[in-house]
Amino acid sequence: MQRGDWKLLRKSKLLLKAIDWFGQGENVVQMARQKLEGEYRDQDIIEIAYDLQAGSYIANLTDPKMLTHKEEWGQRIADILRSLGVSSACEAGTGEATTLAFIAGAAGSEVTFSGFDISLSRTLHARDFLARNGVEARLFCADILRIPLPDSSVDAVITNHSIEPNGGFERPLLEELFRVCARYLVLVEPDYERGTEEQKKRMREHNYVRGIAGHLEHLPGRLRTYEGWPLNVNPHNKASLFVFEKRDGTRPSSEFDFVSPVNRRPLAEVGGELFCASEGLVYPTVLGIPILRDECAVVCTQADRFG
Ligand SMILES: C[S@@+](CC[C@H](N)C(=O)[O-])C[C@H]1O[C@@H](n2cnc3c(N)ncnc32)[C@H](O)[C@@H]1O
């Protein structure tokens, strides 16, 4: 079976094991890789590992140094978006919005923001954190591999250490981010190729992404900026800034509507839930957040008769 195929271990069983490992202070992703190699889907363990840590990034901001660091980070990305004339930006893998809040705060009202993450707990923390900081952003849960947005629907797609843990999926991830962006990709991700031997070893051990610049060069457009990112929390996980411009891109004319992550057809609101009639799936909204992942959807081919 290929890495990334649907694996045998049921997600609930994986979650119970992960809760134990997390309670014992173990690294959940590494434990799953050591003990259950080949039995789970990579994005399930990413979801679980990050969900278990939810709240920790916001807690880190009580450290004034970390807060200043994130403010500088937000200002830099906001300046880049301004220099590109970006009108809407979506952060893929937004976590607890502890980067998005500072980008949006620095960018002001010229840019509309949205963000999504594979983890619901982290998205709920993100919603609280954004509200506390007076930032408006449309939030939803989704997998970067299947983003529930139409082609070219957001002016810029941004990431901050989000594709990082999806080693082996670089090409489909970047193609999907590229599909959704109308004009720019603005990525801050750890850079294997420019890393020290120590960083390379660490990135291999954690199964982090590699070869981002090389993969981007195969997409239609040009890599406008490829340079070291100066703000790094971990000196052994240094990132680069990648600004990629799509060939013949044009600014989106309106705000996006969600589409199915399966067949990209429009979703209709039925009884407060999102429904795709052509595939017969209902995408639930949980605690106010739309969950736009096919593995979380409910088969109900006749939902529109009852909604
Ligand atoms: C290191 S954190 C960074 C969070 C945020 N970008 C920030 O700057 O604070 C990585 C985030 O990416 C999310 N993530 C990783 N792989 C993902 C995927 N395939 N789809 C959606 N989210 C993903 C994780 O759940 C996690 O919240």
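Here is a short walk through this predicted model, point by point.

1. **Overall build.** Let us start with the whole chain. The protein contains 10 helices and 13 strands. Its C-alpha trace extends over about 55 × 50 × 40 Å along the principal axes. For a protein of 307 residues, a compact globule would have a radius of gyration near 19 Å, and the value here is 19 Å, so the two agree.

2. **Burial and contacts.** Two percentages help to describe the fold. Among the 307 residues, 40% count as buried. If you take the contacts with a separation of 6 or more, 70% of them are between residues 24 or more positions apart.

3. **Three domains.** The protein is split into domain 1 (11-52), domain 2 (61-246) and domain 3 (268-305). These names are handy for finding your way around in the points below.

4. **Where domain 1 meets domain 2.** The centres of domain 1 and domain 2, taken over C-alpha atoms, are 24 Å apart. Across the boundary, eight residues of domain 1 contact 10 residues of domain 2. On the domain 1 side, helix H2 (28-35) and helix H3 (42-52) each provide at least two of the touching residues. The greatest share is from H3, which gives six residues. Sorted by class, this side of domain 1 has four charged, three nonpolar and one polar residue.

5. **Helix H3 up close.** Since H3 has come up already, it deserves a look of its own. Eight of the 11 residues of H3 are buried, so to speak of the helix as mostly covered is fair. The buried residues are Asp-42, Asp-44, Ile-45, Ile-46, Glu-47, Ile-48, Ala-49 and Tyr-50. Which helices do the buried residues of H3 pack against? They pack against helix H1 (11-23), H2 and helix H7 (120-132).

6. **Around the ligand.** The ligand is surrounded by 22 residues, and the closest of them are Tyr-50, Gly-93, Gly-95, Thr-99 and Ile-118. Tyr-50 is also one of the buried residues of H3. H3 gives the most to this shell, with three residues. Both domain 1 (11-52) and domain 2 (61-246) contribute at least three residues each to the shell. By class, the shell has 11 polar, seven nonpolar and four charged residues.

7. **The sheet of four strands.** Now to an open sheet whose four strands follow the order E8-E9-E10-E13, with antiparallel pairing. Strand E8 (268-270) and strand E13 (298-299) are the edge strands, each pairing on one side only.

8. **From E8 to E9.** E8 and strand E9 (residues 273-276) run antiparallel and are joined by three bridges. Across this pair, Val-270 stands opposite Glu-273, and Ala-268 stands opposite Phe-275. The hairpin of E8 and E9 has two residues between its strands, and Gly-271 takes a positive phi near 55° there.

9. **From E9 to E10.** E9 also pairs with strand E10 (residues 281-283), again antiparallel and through three bridges. Here Leu-274 of E9 stands opposite Tyr-283 in E10. Four residues lie between the strands of this hairpin, and Gly-280 in its turn has a positive phi of about 75°.

10. **Phe-244 as a close-up.** Let us finish with a single residue, Phe-244, which has its place in strand E7 (residues 239-246). Is Phe-244 buried or exposed? Phe-244 is buried, because 26 other C-beta atoms lie within 10 Å, and 20 or more are enough for a residue to count as buried. Leaving out residues up to four places away in sequence, Phe-244 touches Tyr-184, Leu-185, Leu-216, Leu-219, Gly-221, Leu-223 and Arg-224. Glu-217 is 27 residues from Phe-244 in sequence, and the two are 9.0 Å apart in space, C-alpha to C-alpha.

Methods
Residues are numbered from 1 along each chain as its sequence is written. This is a predicted model: local features need pLDDT of at least 70, side-chain atom pairs count only at pLDDT 80 or more; totals for chains, interfaces and linings use all residues. The radius of gyration is taken over C-alpha atoms; the globule rule is 2.2 Å times the number of residues to the power 0.38. A residue is buried if 20 or more other C-beta atoms lie within 10 Å of its own, exposed if 12 or fewer, and partly exposed in between; C-beta atoms are placed from the backbone. Two residues are in contact if their C-beta atoms, placed from the backbone, lie within 7 Å. Domain bounds come from an automatic or database domain assignment. Ala, Val, Leu, Ile, Met, Phe, Trp, Tyr, Cys and Pro count as nonpolar, Asp, Glu, Lys and Arg as charged, and the others, Gly among them, as polar. A residue is near a molecule or strand if its C-beta atom, placed from the backbone, lies within 6 Å of it. Two strands pair if DSSP finds at least two bridges between them.
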